Amino acid sequence: MSSFVQMSKRPLQKLQASLVARRYYLENQTKSQIADQLGISRFKVARLLDTALHEGIVRIEIDDQGDLNVELAEKLRQKFHLKAALVLDGPDLPASALIEPLGVLAADFFEETLIDGQLLGMAWGRTLAAAAKAVVKLPKVDVVQAAGSPAGLDLSQNPVELLHRFARASGGAAYPLFGPMWVEDPGLVTKLRAETSIANAMSRYDKIDVFAVGIGSWHPQESCLCSGFPEDWRRDALRRNVRADLCATLIDNEGNEVPSELNRVGLCLSTEQLRRIPERIGIGGGLEKADAIQAVLRGGWLTTIITDAGVARKLVAH
């Protein structure tokens, strides 16, 4: 008789747990359906599912996306109270090595999350330019340019071209802003704001549903806005500890807005309009941008961040 001592205890329970688990996990039946079929209560079904996990009858493996770091993304999301965070997995890298992979990730995110009928606001930047090249098919959204072209902007980042790439992928209307991001003559900026095509774009800023924006760093300088600013504007901004920019909004190390001449003579989305946009998606990575990204997140300027593991590790460690 001793040879039978090792037989499994409570065999009926294990049999039922296996049967319930198979129907629940493999056949996608509900707990109520299983309960009706087996003539037991729904609570008994739930207990049997717990037993199946506890006894190893069912083993659940989570295969994270190989290109994403799910754990870092969740830590980042929770720390900065974000709606979503996407973190590209990998080693610590400079911004220059992340332009294309982050652009592809951003393009996939837009294709997945945009909704027909929305108005998408677009800024500019190297990573957004990479996203514009990678995007294939978007839901039918209209696209509006959030600012004129900053001085000295590389042709590959042309905001009008980015706008039309996204509009072609969506089949929606495009609202370009043909003009500079600022002029130093207040009288001229008033005339430009009244010009038909510029007024047509800027009149839509209060209706933007989703805003896509790159994150510029001022320490170290990884920002076309910083490099393109008139010298006296730049000196004044640096004196007031500007750390980052989002489109036309300057942000200090603590996440606060730093007023600039753009408020007075800019052809661009205002800070107040930016704050009112329901979905604000920031895209940027590379260790040299970590402090700028942290400042932006501290200030609650974004609802979603798309970045890399090197930046995320630094930010969650603080």
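**Close-up views of a predicted model**

**View 1. Strand β7 and its partners.** In β7, A244 is the bridge partner of S217. This is a predicted model. The pairing of β7 with strand β5 (residues 210-218) is antiparallel and spans 3 bridges. Strand β8 (residues 249-252) also runs antiparallel to β7, joined by 4 bridges. Here D245 faces L250 of β8. Strand β7 covers residues 242-246, and 5 of its 5 residues are buried. In a regular strand, side chains point alternately to the two faces of the sheet.

**View 2. The hairpin of β7 and β8.** The hairpin has 2 residues between its strands. C247 takes a positive phi there, near 55°. C247 is also among the contacts of F211.

**View 3. The nonpolar core around F211.** The largest nonpolar core has 92 residues. Which of its residues touch the most other members? They are F110 and F211. Beyond its neighbours within four places in sequence, F211 is in contact with G121, M122, A123 and A146. The contacts of F211 also include L269, L274, I277 and I281, along with E279 and R280. Another core, of 10 residues, lies apart from the 92-residue one. Its members include I34, V45, L49 and V58. In soluble globular proteins, nonpolar side chains tend to be buried together.

**View 4. The salt bridge of D92 and R313.** The model has 16 salt bridges. In one of them, the side chains of D92 and R313 meet at 2.9 Å, N to O. The two residues are 221 residues apart and link distant parts of the chain. D92 sits in the loop between β1 (84-88) and α5 (99-113), R313 in helix α15 (residues 309-317). D92 is partly exposed, because its relative accessibility is 45%, between the 20% and 50% cut-offs. R313 is partly exposed too, at 32%.

**View 5. The salt bridge of R126 and E222.** The side chains of R126 and E222 meet at 2.8 Å, N to O. R126 belongs to helix α6 (residues 126-134) and E222 to strand β6 (residues 221-222), so the salt bridge ties together parts 96 residues apart in sequence. R126 is partly exposed, with a relative accessible area of 34%. For E222, also partly exposed, the value is 26%.

**View 6. Helices α14 and α15, and a charged network.** D291 and K314 form a salt bridge, with their closest N and O atoms 3.6 Å apart. D291 lies in helix α14 (residues 290-298) and K314 in helix α15, so parts 23 residues apart in sequence are tied together. Both count as partly exposed: D291 at 26% relative accessibility, K314 at 31%. Elsewhere, salt bridges link E161, R165 and R168 in a network.

**View 7. Backbone exceptions in loops.** Most residues other than glycine have a negative phi, and most peptide bonds are trans. Where is the cis peptide bond shown here? It runs from H219 to P220, with omega near -5°. P220 is found in the loop between β5 and β6. N28 is not a glycine, yet has a positive phi of about 55°. N28 lies in the loop between α1 (11-26) and α2 (31-38). Is N28 buried or exposed? N28 counts as exposed, at 65% relative accessibility. H81, again not a glycine, has a positive phi of about 55°. H81 is in the loop between α4 (70-79) and β1. H81 is exposed, with a relative accessible area of 72%.

Key. Residues numbered from 1 in each chain as written. Predicted model: local features only at pLDDT ≥ 70, side-chain atom pairs only at ≥ 80, totals over all residues. Heavy atoms only, no water. Buried < 20%, exposed > 50% of the residue type's maximum accessible area, 1.4 Å probe, protein only. Pairing = 2+ DSSP bridges. Salt bridge = Lys/Arg side-chain N within 4 Å of Asp/Glu carboxyl O. Core = buried A, V, L, I, M, F, W, Y, C linked by side-chain atoms within 4.5 Å. Contact = heavy atoms within 4.5 Å.
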